[in-house]
Amino acid sequence: LTVRALYKREGAWDDGSYTVTTNGYAWSFTIAGDGATIEAVNSSPFGAVEIPSELGGCPVTSIGHFAFYGCSGLTTVTIPSSVTRIDLYAFAYCSALRSVRYQGDAPGFCWDVYCDSPNVVSYVFAGTRGWNGDPKSTDVPEYWPVGDSYARPVVCLDPSVTHTVTFDLGAHGTRTGGGELEQTVVGGTAAVAPEVTAEEGW
């Protein structure tokens with residue numbers, strides 16, 4: 001008989017279901033033990049979305065079933081290194097989704113994570129592990145099945161190569177959201193365009 005000790009970070013919320021707003025979206029999530037699972041994003045995500053690495057004082061370790069199902073305006077997702085599992089249909093029917101950026105090792109995948117999201121390219125960092133099915137290997141394949149029958153292309157990024165992208169709005173525009181006006185991006189990835197409002201008459 002083995003009795004396993006479970007620890008919860010000081011200040012972490014109790015086990016249960018919650019909704020909080022962060023990174024511009026309302027996230028529904030559950031806490032069980034020492035990890036949080038994203039169950040849904042309650043505002044319709046549009047453009048680039050960064051999944052939080054922590055919710056309720058716990059690391060986000062899973063993206064749940066149907067969490068982003070049918071989010072047709074979603075184009076780019078950044079997944080933190082804390083995520084170790086992505087469940088069934090998590091990003092299914094996301095017709096505009098082009099880029100999924102993984103910040104850490106390959107998570108475990110359920111079936112049909114990207115069902116009917118045909119244009120997804122996964123971006124992974126050199127030196128991260130598990131992308132070819134061997135959790136100890138850093139080899140990155142050109143195509144990767146991501147837990148379903150449809151292979152998706154994979155691009156391996158060198159985090160030491162970066163570029164600075166500056167958006168010049170000129171004299172008649174004001175940034176109202178979206179990406180910052182100056183961004184540092186890793187080679188092979190895209191900057192996030194700012195949302196701009198032109199002054200009256202322009």
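Here are some short exercises, each with a worked solution, on the predicted model shown above.

**Exercise 1. Work out what secondary structure the chain has, and how its radius of gyration fits a compact globule.**

Start with the elements: the chain has 17 strands and zero helices. Next, take the length, which is 202 residues; a compact globule of that length would have a radius of gyration near 17 Å. The chain comes to 18 Å, so the value agrees with the globule rule. To finish, look at the extent of the C-alpha trace, which spans about 75 × 40 × 35 Å along its principal axes.

**Exercise 2. Describe the burial, contacts, surface and charges of the whole chain.**

Begin with burial: 40% of the 202 residues count as buried. Then turn to the contacts with a separation of 6 or more, of which 42% join residues 24 or more positions apart. The exposed surface of the chain is about 10900 Å², and carbon and sulfur atoms supply 50% of that area. Last come the charges: there are 22 negative and 10 positive side chains, and the centres of these two sets lie 8 Å apart.

**Exercise 3. Decide how many disulfides the structure holds, and say why Cys71 is or is not in one.**

Recall the chemistry before you look at the model. A disulfide is a covalent bond between the sulfur atoms of two cysteines. The count in this structure is zero. For Cys71, the nearest cysteine sulfur belongs to Cys94 and is 5.2 Å away. The cut-off for a disulfide is a pair of cysteine sulfur atoms within 2.5 Å, so Cys71 is in none. Now add the surroundings: Cys71 has a relative accessible area of 9% and is therefore buried. Cys156, at 40% relative accessibility, counts as partly exposed.

**Exercise 4. Place Ile86 in the fold and find which residues it touches.**

First, locate the residue: Ile86 sits in strand 8. Its relative accessibility is 0%, so it counts as buried. Then list its contacts, leaving aside neighbours within four places in sequence; among them are Ile63, Ile79, Phe91, Tyr102, Phe109 and Val113. Pro107, Gly108 and Cys110 are also in contact with Ile86. For a distance check, take Ser53, which is 33 residues from Ile86 along the chain; the two C-alpha atoms are separated by 14 Å.

**Exercise 5. Say where Thr37 and Tyr123 lie, and whether each is buried or exposed.**

Take Thr37 first. It belongs to strand 3, residues 35-41. With 18% relative accessibility, Thr37 falls under the 20% cut-off and so counts as buried. Not counting residues up to four places away in sequence, Thr37 touches Ser28, Phe29, Thr30, Ser62 and Gly64.

Move on to Tyr123, which is part of strand 11, residues 121-125. Its 17% relative accessibility is under 20%, so Tyr123 counts as buried. Thr75 is 48 residues from Tyr123 along the chain, and their C-alpha atoms are separated by 14 Å.

**Exercise 6. Find out what phi values Tyr89 and Tyr93 have, and where these residues are.**

Check the backbone angle of Tyr89: phi is near 60°, a positive value in a residue other than glycine. Tyr93 is not a glycine either, and has a positive phi of about 60°. Now place them. Tyr89 lies in the loop between strand 8 (85-86) and strand 9 (99-102), and Tyr93 is found in the loop between strand 8 and strand 9. Finish with accessibility: Tyr89 is partly exposed at 24%, and Tyr93 is partly exposed at 38%.

Definitions and conventions:
Residues are numbered from 1 along each chain as its sequence is written. This is a predicted model: local features need pLDDT of at least 70, side-chain atom pairs count only at pLDDT 80 or more; totals for chains, interfaces and linings use all residues. Side-chain values use heavy atoms; hydrogens and water are left out. Helices (H or I, at least four residues) and strands (E, at least two) are DSSP runs, numbered from the N terminus. The radius of gyration is taken over C-alpha atoms; the globule rule is 2.2 Å times the number of residues to the power 0.38. Buried means under 20% relative accessible area, exposed over 50%, partly exposed in between (1.4 Å probe, protein chains only). Contact means heavy atoms within 4.5 Å. Accessible areas come from the Shrake-Rupley method with a 1.4 Å probe; for residues, only the protein chains shown count as cover. Lys and Arg count as positive and Asp and Glu as negative; His and the chain ends are not counted. The place of a charge is taken as NZ of Lys, CZ of Arg, CG of Asp or CD of Glu.
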